[in-house]
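Please follow this explanation with the sequence and the three-dimensional structure at hand. It moves through selected helices, individual residues and a pocket.

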Amino acid sequence: MPFTRLATATTPTSHLGLGLAAVARPGYITLGRDTDLGDNRSVDALRTRTHELLDAAYAQGVRYFDVARSYGRSEEFLADWLKTHPDIDDVVIGSKWGYTYTADWTTDAEQHEVKDHSLQTYERQRAETDQLLGARLDLYQIHSLTPDSAALADKELHARLAEAAAQGLTIGFSTSGPAQADTVRAALAVTVDGEPLFRTVQSTYNVLETSVGPALAEAHDAGLTVIVKEGMANGRLAAGQAPDAVRVIAEETGLGADAVALALVLRQPWAGVVLSGAATAGQLASNLHAAVVDLDEDQLSRLVALAEEPGAYWERRGQLPWH
């Protein structure tokens, strides 16, 4: 698996990754985008910002970069950056298929992305990804599986994914929604010719949404690499939005609320890679401080007490506007 490259990394930030969901398209549901991105969200402006973030992340020890077909031009921006750094050969690149970007570079589209986990979509998007990332792609994930996703039972799709795995591509999946734990366990049961199909899982886990934790521990025990997304709860755990307990602990540690929030995730023994979704270099630097936050038992207990009921958490997330 490509993530074995991270096993020998010695920098504190080697298990933090950078996701490009928030910077490779003008609209997203993260809070505070007006401040973070300003008014100029042209393709060139966001390409430049993305490349600056990738430069900063790599310089600070980050070695996993996460994109998706539906994240605007994320694959294109990352591919451009890789081409300008041909000497960089120690990063792991992951992308996702299953959603199609439909916002046409606007922030007020009626629909920003369309979900389709069919074999036909896989074949189309795999070709699109291959055209941009080619041999640099290490990991291809089904984007946001839920218990009712057809991809969990599509044997023909499984066979095609297994073919890609036999050719060296790592196959994974991401999850979304209040039933993430059920999805993880269902995916763990998917096999092709008696062998498990999936080698990675990417799930939402943060101070406010911890329900998938036990299932991720099971996935880790089964040999999957666990990637954590939305550790900042789409901005709800940033300084201006964070619950009082997070802000108080941030003051106690002398670091940011974001670093505290991500540190809780990094402490989980099953967490292989924890994604930063930073939109600015300052946010990225602050996020990466999570690697050195030392939370004591009292601070941990105060953070654990903030977990919300999954249904309520995902209902609120679903109400966040596209900025």
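A polar contact is a pair of N or O atoms within 3.5 Å; within protein, one atom must be able to donate a hydrogen and the other to accept it. The structure discussed here is a predicted model. By this criterion, E309 caps helix α13 at its N-terminal end, since one of its side-chain oxygens lies 2.9 Å from the backbone nitrogen of G311.

Helix α13 comprises residues 310-319, and its buried residues are P310, Y313, W314 and R317. These buried residues cover an arc of only 90° around the axis, which puts them on the same side of α13. E315 and Q319, on the other side of α13, are exposed. The cover over the buried residues of α13 includes α7 (180-188) and β10 (200-204).

Helix α6, formed by residues 155-166, can be described in similar terms. At 1.5 Å a residue, its twelve residues should span 16 Å, and the C-alpha atoms at its ends are 16 Å apart, which agrees. Which residues of α6 are buried? They are L157, H158, L161 and A164. Viewed down the axis of α6, the buried residues fall within an arc of 120°, so they line one face of the helix. On the other side of α6, the exposed residues are K155, E156 and A166. Several elements contribute to covering the buried residues of α6, including β3 (92-97), α5 (119-133), β6 (139-145), β7 (170-175) and β8 (191-192). At the start of α6, D154 places a side-chain oxygen within 3.2 Å of the backbone nitrogen of E156. Just after α6, G168 adopts a positive phi of about 110°.

Helix α5, one of the elements covering α6, contains Q125. With a relative accessible area of 1%, Q125 is buried, because the cut-off for buried is under 20%. A polar atom of the Q125 side chain lies 2.9 Å from the backbone oxygen of Y99. Leaving aside neighbours within four places in sequence, Q125 is in contact with R69, W97, G98, Y99, T100 and Y140.

Strand β6, also among the elements covering α6, holds S144. At 10% relative accessibility, S144 counts as buried. Although S144 is not a glycine, it has a positive phi of about 55°. A233 likewise is a residue other than glycine with a positive phi, near 55°. A233 lies in the loop between β11 (225-229) and α9 (244-253), and it is buried, with a relative accessible area of 1%.

Another buried position is found in helix α3 (residues 43-59), which contains L54. L54 counts as buried at 0% relative accessibility. Apart from its neighbours within four places in sequence, L54 is in contact with L18, L20, F65, L78 and W81. The C-alpha atoms of L54 and S149 are separated by 33 Å, the two residues being 95 residues apart along the chain.

The final topic is the largest pocket, whose volume is about 1100 Å³. Which residues lie nearest its centre? Of the 50 residues that line the largest pocket, those nearest its centre are Y28, I29, T30, E230 and N234. At least two residues of the lining are supplied by each of α2 (33-37), β5 (113-115), β6, β12 (273-276), α11 (281-288) and α13. Thus α13, with its N-terminal end capped by E309, and β6, the strand of S144, both contribute to the lining of the largest pocket.

Methods: Residues numbered from 1 in each chain as written. Predicted model: local features only at pLDDT ≥ 70, side-chain atom pairs only at ≥ 80, totals over all residues. Heavy atoms only, no water. Buried < 20%, exposed > 50% of the residue type's maximum accessible area, 1.4 Å probe, protein only. Helix = DSSP H or I, 4+ residues; strand = E, 2+ residues; numbered from the N terminus. Arc of directions from axis to C-beta. Contact = heavy atoms within 4.5 Å. Expected span 1.5 Å × (residues − 1). 1 Å grid on protein atoms, 1.4 Å probe; cavity = no way out; pocket = protein on both sides within 12 Å on 5 of 7 lines; lining within 4 Å. Points joined across faces, edges and corners; volume = space filled by probe spheres on them.
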